[in-house]
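Please look over the sequence and the structure below before reading on. The paragraphs that follow go through the fold step by step.

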Amino acid sequence: MRDKVVFLVFVGFSLVSVAEALQCRAVPGSLKQIDAGAGRVCGVDNADNLVSYQGNSWVSLAMKGKHVSVGPAGLWSVSLASLVFKWLRGRWIQVQPDRLVQVDAGGDVFVAGVNAAHSIYCLNGRPGLPHAGQSTAPWLQVPGRLKYYSCGPFGCWGVNSAGRIQVKLGIREQNCKGSDRWYPIQGSLSMVEVGTDGSVYGVNRNGVVFNRVGVNACNPFGRQWKPLKGVCLSQHVSYDNDVLWVVCKNGSIQTCKV
């Protein structure tokens, strides 16, 4: 077992591969942040409105915020005051007590996120699903410091304030904190997103979009970073159902078939 772990960590430090060109098209509208998961796409527009993509247009979600995420754990958001909300039965329900700046609903029916001090929190699966207006929720603090955190079926990926990339394994529905160990991954990113199927995409400080090649249940670290050509210089990306959703540096939106 130890030999296998060593091999996986070594693979995590492999070199960047040749760039791949994608066919991308423009999507109407302008956003600051986007998230795709469980067949839905949501975002935050330039006026801080939370919106959902329906048909060929963006529809208001009747709230202003700084971050929104949709996935197996449902639809979650962070308000302008950093309060956490879950969309339940057609309205937003505040989930206390913690304040976050980024939230992720892409894990195995659990929720995770980070606050302004880069502390990491998560909410185990079953307690996180209903939240029918309870005054408090059992948030758990995850050891470490990150500015961005995203989870999928094979593990959670994060980026710290220096752009360093880290992975945490052992994440499950009733163990959202996972193992105590962080695994470093070669490279530097400003944000990273894990898709519902485990695919990993990120953006570096120059706006170049990367895909982590070879991520699966047997190798949750993947093999290498692949820069993607044909994509605009970006500030945010998200992936779901073979489509990469991209927010360009100027706020315009692209979809790219993967």
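Leaving aside neighbours within four places in sequence, which residues is Gly 207 in contact with? They are Cys 232, Leu 233, Ser 234 and Lys 249. The model is a predicted one, and Gly 207 is a convenient place to enter it. Gly 207 sits in the loop between strand S18 (200-203) and strand S19 (209-213). Its relative accessible area is 1%, which is under 20%, so Gly 207 counts as buried. A further neighbour to look at is Cys 248: the C-alpha atoms of Gly 207 and Cys 248 are separated by 8.1 Å, although the two residues are 41 residues apart along the chain.

Cys 232, one of the contacts of Gly 207, leads to a disulfide. Cys 232 and Cys 248 are bonded, with their sulfur atoms 2.0 Å apart. The torsion about this S-S bond is -95°, and the link is left-handed. The pair connects distant parts of the chain, 16 residues apart: Cys 232 belongs to the loop between strand S20 (224-229) and S21, and Cys 248 to strand S22 (residues 243-248). Both cysteines are buried.

Strands S21 and S22 in turn belong to a sheet. How many strands form this open sheet, and in what order? There are ten, in the order S8-S7-S6-S5-S4-S3-S2-S23-S22-S21, with antiparallel pairing. Its edges are strand S8 (91-99) and strand S21 (234-240), each of which pairs on one side only. From one strand to the next the twist averages 50°. Within the order given above, S2 is followed by S23. Strand S2 (residues 23-37) and strand S23 (residues 252-257) run antiparallel and are joined by six bridges. In this pairing Val 27 of the chain stands opposite Ile 253 in S23.

A disulfide also connects S2 and S23. Cys 24 and Cys 256 form it, with their sulfur atoms 2.0 Å apart. Cys 24 lies in strand S2 and Cys 256 in strand S23, so this is a link between distant parts of the chain, 232 residues apart. The torsion about the S-S bond is about 105°, and the disulfide is therefore right-handed. Are the two ends buried or exposed, or something in between? They do not fall in one class: Cys 24, at 25% relative accessibility, counts as partly exposed, while Cys 256, at 0%, counts as buried.

Another disulfide is found by way of strand S11. Cys 122 and Cys 176 form it, and their sulfur atoms are 2.1 Å apart. Because the torsion about the S-S bond is about 70°, this disulfide is right-handed. Cys 122 is in strand S11, whereas Cys 176 is in the loop between strand S15 (164-168) and strand S16 (182-188); the two are 54 residues apart and the link again joins distant parts of the chain. Cys 122 and Cys 176 are buried.

Strand S11 (residues 119-123) also holds Ser 119. Ser 119 has a relative accessible area of 6%; since this is under 20%, the residue is buried. Its side chain makes a polar contact of 3.4 Å with the side chain of Arg 145. Not counting residues up to four places away in sequence, Ser 119 touches Gly 113, Val 114, Gln 141, Gly 144 and Arg 145.

Over the whole structure, a search finds four disulfides. With the bonded cysteines of the chain numbered in sequence order, the pairing reads 1-8, 2-5, 3-4, 6-7. Two more cysteines differ in exposure. Cys 42 counts as buried because its relative accessibility is 0%, and Cys 218 counts as exposed because its value is 59%.

Some totals for the chain complete the picture. The secondary structure consists of two helices and 23 strands. Of the 258 residues in the chain, 56% are buried. Among contacts in the chain with a separation of 6 or more, 51% are between residues 24 or more positions apart. The chain exposes about 11100 Å², of which carbon and sulfur atoms supply 53%.

Conventions:
Residues are numbered from 1 along each chain as its sequence is written. This is a predicted model: local features need pLDDT of at least 70, side-chain atom pairs count only at pLDDT 80 or more; totals for chains, interfaces and linings use all residues. Side-chain values use heavy atoms; hydrogens and water are left out. Two strands pair if DSSP finds at least two bridges between them. Helices (H or I, at least four residues) and strands (E, at least two) are DSSP runs, numbered from the N terminus. Axes are lines fitted to C-alpha atoms, for helices over the stretch in contact, and angles run from 0 to 180 degrees between N-to-C directions. Buried means under 20% relative accessible area, exposed over 50%, partly exposed in between (1.4 Å probe, protein chains only). A polar contact is a pair of N or O atoms within 3.5 Å; within protein, one must be able to donate a hydrogen and the other to accept it, and residues adjacent in sequence count only if both atoms are side-chain atoms. Contact means heavy atoms within 4.5 Å. A disulfide is a pair of cysteine sulfur atoms within 2.5 Å. Accessible areas come from the Shrake-Rupley method with a 1.4 Å probe; for residues, only the protein chains shown count as cover.
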